[in-house]
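Colleague: Please take one part of this model and go through it closely, then work outwards from it to whatever it leads to. I would like the distances and the cut-offs stated along the way.

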Amino acid sequence: MGRPLAIYSSRHQRIYLGLDRNYIFVRTGASIGRSLGPELWDDFFKGSRLACARLITLVENSPELVPEIRDKLIPRQKGAIRVGITGPPGVGKSTVTAALVRRAVKAGHTVGVIAVDPTSPFTGGAFLGDRVRMLSLIGDPHIFIRSQASRDGHGGLSPSTPYVADVFDAFGMDRIFIETVGVGQAELDVLTCADLIVLVLQPATGDIIQALKAGIIEAADLLLINKSDLSGTESLLESLRFLFEISARPTTIPAPPVLTAAALHNRGLDEAYKEIERLISGHVASGRIREKKRLRLEGEMKSSVLQDLWGRFAALTNAPEKMRTAAENLLENGRSPYPFIRNLCARITMEVRDERTNRKDHG
Amino acid sequence: MDKKAWEKKFRNSGLREADFSTISGRPLEPLYDWDDLADLNLKKELAYPGEYPYTRGVHPSMYRGKLWTMRQFAGMGTPQQTNQRYKFLLEKGQTGLSVAFDNPTLYGWDSDHALSIGEVGRTGVAVDTMEDMEILFDEIPLDKVSTSMTINAPASWIFAMFLANAEKRHIPFAELRGTLQNDILKEYIAQKEWIFPPEPHLRLITDLMAFCADHVPQWNTISISGYHIREAGSTAAQELAFTLADGFAYVEHALRAGLDIDDFAPRLSFFFNAHLDFFEEIAKLRAARRIWARHMKERFKAKNPRSWLCRFHVQTAGCSLTAQQPELNIVRTALEALAGVLGGCQSLHTNSMDEALALPSEKAVEIALRTQQVIAFESGAANVIDPLGGSYFVEKLTNELEEEAERYFRKIEEHGGVVPAIEKGFFQREITRAAYEYQMALSRKRKISVGVNEFVNEDERLEIPLLEIDESVEKDQVRRLGEVRKRRDNGAVRAKLEALEKAAAGTANLTPFLLDCARVYGTLGEISAALISVFGEYQEQPFF
Amino acid sequence: MAEKKIKIIIAKPGLDGHDRGAKVVARALVEAGMEVVYLGLRQTPESIVNAALEEDADVVGLSILSGAHMTHFKRVKELMDKNGLGDRLLTGGGIIPTKDQDKLKDLGVGKVFGPGDDLQSIVDYIRKWRGSQGD
Ligand code: B12
Ligand SMILES: Nc1nc2c(ncn2[C@@H]2O[C@H](COP(=O)(O)OP(=O)(O)OP(=O)(O)O)[C@@H](O)[C@H]2O)c(=O)[nH]1
Ligand SMILES: [Mg+2]
């Protein structure tokens, strides 16, 4: 079998083969996980949609498997373009996405769709309602739609969304559409996992203009005003024009194009799709997409290192517990936290060295 | 004793821990009295039966003149089987017919459509061509018995088949009496049987109104239905408000098409639910008459008093009936039917005790019909007109429901009217929420359903007979349809369908074209397809 | 490892328009912490199983009040098996006579619920099924 099963550890009481040859059930207390068998990979690379679906589930449910999975995925990725579709709740993101996907397939692309809906903070449940707006796409072998709950993700995505895109890319999709949760004002600018961002708005989204100032202008590559069949389209266009004029955007980056559409009535989508493809070619040629991908990789490395270091540091120094106590004291006495911080940081080199000595002892 | 003193005694007398709101969640006082009616001008609000605003009834004599029509909704399997059931019901004393169609027919599909598999004849009778109409009404005097047809999206072409059959039997259109449900707006809202987007459907409805005004004057061209809205889970006030709002939308559409209100409004009829909450239901029915009359007279300026009348059919609430201890359903239905009668209905369907189990068996439907006869002939309820008129409680409730409906009308206006409100999911959301709340109230036992969440019989055994639809039904129907397709003049069918398609692309009244197609045995599905090629299909957006 | 979310598809196959029960059940499952993909009306067995596959759903729930349950449940079950989803739970509800419930069980369909069944009992059943999968 070659490599050991990453998920197998002493915590798991029992492993056995399931009914299906594609995966292995691993018992972990009350819940099950569907693990990586070599056959799952075989099937995946042979193009089995079921294997693709299962790999996505693994990526969603077992973060600890993600590094191992991506080790295998990344060499197979061909650099599919990831288009983020974002905007406030109910503006027609799903309807627009469905319309764009249809056009992408017609133009010869193979498309993966990741549609994220919000997890209820109260119940932990989620109503995944995007798919039903895309029913016209179902059954087309060139399209794979996956709904996701946002779980504890930020910015309208699930923590696993970027990795699901990796799965699609390695599976052979060359366009990936990512529909975010209907996002509010604070979250509009965090769609870093996309190569191209389409911000969908609708007439009478009034106060959204306030949020736009805050940064989405820099982030969005295309503004699409959907539901242009409703009144108020003109005045929204007007406010956007005004916004671009006063925006502090560096003159080297032109203001994003603004288009209008009515997805429900299938109007304006040919133009929107064309514009997206035009932007993609432009950004590929200018190196902007490559730049974004590089930034993403850097960011990922940085956050992984941070996470790893913090994990070890916290384990060794019992930092979380200490911080809690320190914070209580600081609050009580109205003191500055910096002496404590300096003190804690000073231990880093020391503790790490200790660890190394330990290892030698045991090694 | 003054009111304060009574209130004190009341509060100190040890009250039960229970939910005292109506089944719709409307909070209720323990007592109503003259104070509750102090602001009301009762003479004006009630008037006399047969007098504006008709709170007390649409006729001066009500049931002293004519009892309500006893009309059981029926249809199953093949047209032959359903024809047998009609004869059985008429023999048992039923006074009108009501056709229930199967799902493929309700959607305008033929029995041999690939997606009709497994569905033919299961929830009603299958009708594919005029031949099925011939069998369905064989030996039934269509000029004497009034016929109601529960069909909506393809209503105009089912009706065309009905008319073509009458023509073949030499019954003049002018003698035909009955009702076509033909209410597409509540389909988008509650029953979910549509073909096209709203606009072409509304055109077909207006076309039919115009055609019938000239040729089938005794026919009710539409039955604007709250029944389905309620069954989908709405509250009483939502049923009332949404139904009447639909009614106003039809009126507006017909006016925009250039019809004169007094030409079509007298043929508008309504269809309400009679649920378990006895007094609230009676109040709802009384409020419906008053609201409709006011809007028709004052807002739409109808001159003919017949245009002001909200005449309605009532059906007892299917969703109140249980699969557990089904015999109890006889009692529930009797209470609900009594509410319908005290609310002044013009016709009535009583559900059968096997409602939650299968289409009604002969035995069950006979008991349901007999229930109406007990109310009509034994209970004394039909002796006095609007016997609850003047009751503090009922009048207060009637008023409250009217106010609540008016509030909903304003909300609907804010959404831009009924069709935009449908597109935005306003009605659907309201109803889905109410349905969920009720289900949770059952789950938490805040509301009691006898035999279901309280007073449960463990080890219950079903002791009533159930109707089964044989698998041969589908085969028979598909075979007969195939034979019709071979036998008929296919050249003529093609020509008539093409003419229909052309007309649909223009603005002509489509009813005569549909009639032409029916006469040459064009099938339901062929006609639908011709129209779809022009009008397109509707795609539902589910709302929660 | 954290308790995994249960993912469930809710669909109405065929021409049945009775969606009150399906919507109420869908909402109850979301409130119970599950992830629900509601497909709505007029689904074909193919569209349902395609969704179940792409979503890698644990449970497929059909709501059928039209009397066409034998046709639709059977077809969905066949397609699930054929597509490697034989280990998932196929359940549902509606107007389904007792003797048909037995036949469905023989086909490998799980429990089917009927009028009056408490929403909590549906939640419990699905949770219990999921729990049993570990053993
Ligand atoms: C409400 C209702 C309607 C409403 C539907 C509104 C709507 N949007 O849902 C209206 C009035 C529109 C309607 C119309 C018709 N109806 Co109807 N209707 C009913 C009724 C009275 C109640 C159904 C209901 O909603 N109950 C409340 C909900 C909460 O319960 P439920 O759906 O049973 O769901 C529970 C369980 O079954 C289960 N469950 C359901 N789905 C699922 C899914 C999953 C995944 C799970 C786990 C569990 C589960 O859990 C729920 C919780 O308790 C039933 C009879 C009855 N009392 O059951 C007839 C009934 C279903 N209707 C029937 C018929 C024939 C029709 C029509 C075809 C009539 C006609 N010829 O015109 C039309 C067609 C409608 C259509 N488009 O398909 C028949 C079906 C006969 C059969 N199957 O043999 C019935 C049984 C009545 C009868 N005895 O004749 N109807
Ligand atoms: N009038 C109009 N309505 C539209 C248009 N596009 C979509 N809609 C409707 O808007 C509603 C919401 O559409 P969705 O596509 O679900 O919107 P969304 O942004 O994906 O919604 P969330 O994912 O819930 O945030 C639906 O009822 C659509 O039918 C349009 O162009 N015009
Ligand atoms: Mg969406």
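**A close look, starting in chain B**

Modeller: Leaving out residues up to four places away in sequence, Ser347(B) touches Trp68(B), Thr69(B), Arg71(B), Phe312(B), His313(B) and Val314(B), where contact means heavy atoms within 4.5 Å. This is a predicted model, in which local features need pLDDT of at least 70 and side-chain atom pairs count only at pLDDT 80 or more, whereas totals for chains, interfaces and linings use all residues. Residues are numbered from 1 along each chain as its sequence is written, chains are lettered from A and ligands numbered from 1 in the order in which they are written, and side-chain values use heavy atoms, with hydrogens and water left out.

Ser347(B) belongs to strand 9 (residues 347–349) of chain B; helices (H or I, at least four residues) and strands (E, at least two) are DSSP runs numbered from the N terminus. With a relative accessible area of 7%, Ser347(B) is buried, a term for values under 20%, with exposed over 50% and partly exposed in between (1.4 Å probe, protein chains only). Its side chain makes a polar contact of 2.6 Å with the side chain of His313(B). Such a contact is a pair of N or O atoms within 3.5 Å; within protein, one must be able to donate a hydrogen and the other to accept it, and residues adjacent in sequence count only if both atoms are side-chain atoms.

Trp68(B), one of the residues that Ser347(B) touches, leads on to the largest nonpolar core. That core has 143 residues, of which Trp68(B), Met149(B), Phe159(B), Leu176(B) and Leu531(B) touch the most other members; a nonpolar core is a set of buried Ala, Val, Leu, Ile, Met, Phe, Trp, Tyr and Cys residues joined through side-chain atoms within 4.5 Å. Helix 11 (residues 236–256) of chain B gives the largest share of this core, eleven residues. For Met149(B), once neighbours within four places in sequence are set aside, the contacts include Val99(B), Phe101(B), Phe159(B), Phe162(B) and Trp219(B). Another core, of 63 residues, lies apart from the largest one, and among its members are Val132(A), Ala149(A), Val37(C) and Ala57(C).

Helix 11 of chain B also holds Thr243(B), which counts as buried at 0% relative accessibility. A polar atom of the Thr243(B) side chain lies 2.4 Å from the backbone oxygen of Glu239(B). Beyond four places in sequence, Thr243(B) is in contact with Ile224(B), Ser225(B), Gly226(B), Ile229(B), Gln238(B), Phe270(B) and Phe272(B). Thr243(B) and Lys186(B) are 57 residues apart in sequence, yet their C-alpha atoms are 7.7 Å apart in space.

Phe101(B), one of the contacts of Met149(B), leads in turn to ligand 1. A backbone N or O atom of Phe101(B) lies 2.8 Å from a nitrogen atom of ligand 1, a side-chain N or O atom of Glu193(B) is 2.8 Å from a nitrogen atom of this ligand, and a polar backbone atom of Leu65(C) is likewise 2.8 Å from a ligand nitrogen. Among the elements that give two or more residues to the shell around ligand 1 are helix 8 (185–191) of chain B and helix 1 (20–31) of chain C. Because residues from chains B and C surround ligand 1, the site is shared between chains. Of the 46 residues around ligand 1, those that come nearest are Glu355(B), Ala358(B), Gly17(C), His18(C) and Asp117(C), a residue being near a molecule if one of its heavy atoms lies within 4 Å of it.

Ligand 2 makes a useful companion to this site. Residues from chains A and B surround ligand 2, so the site is shared between chains. Of the 21 residues around ligand 2, Lys93(A), Ser94(A), Thr95(A), Arg133(A) and Asp229(A) come nearest, and helix 4 (residues 93–106) of chain A supplies the largest share of the shell, three residues. Polar side-chain atoms of Asn226(A) and Asp229(A) lie 3.1 Å and 2.8 Å, respectively, from a nitrogen atom of ligand 2. The protein covers 86% of the 650 Å² of accessible area that ligand 2 has on its own, areas here coming from the Shrake-Rupley method with a 1.4 Å probe and, for residues, only the protein chains shown counting as cover.
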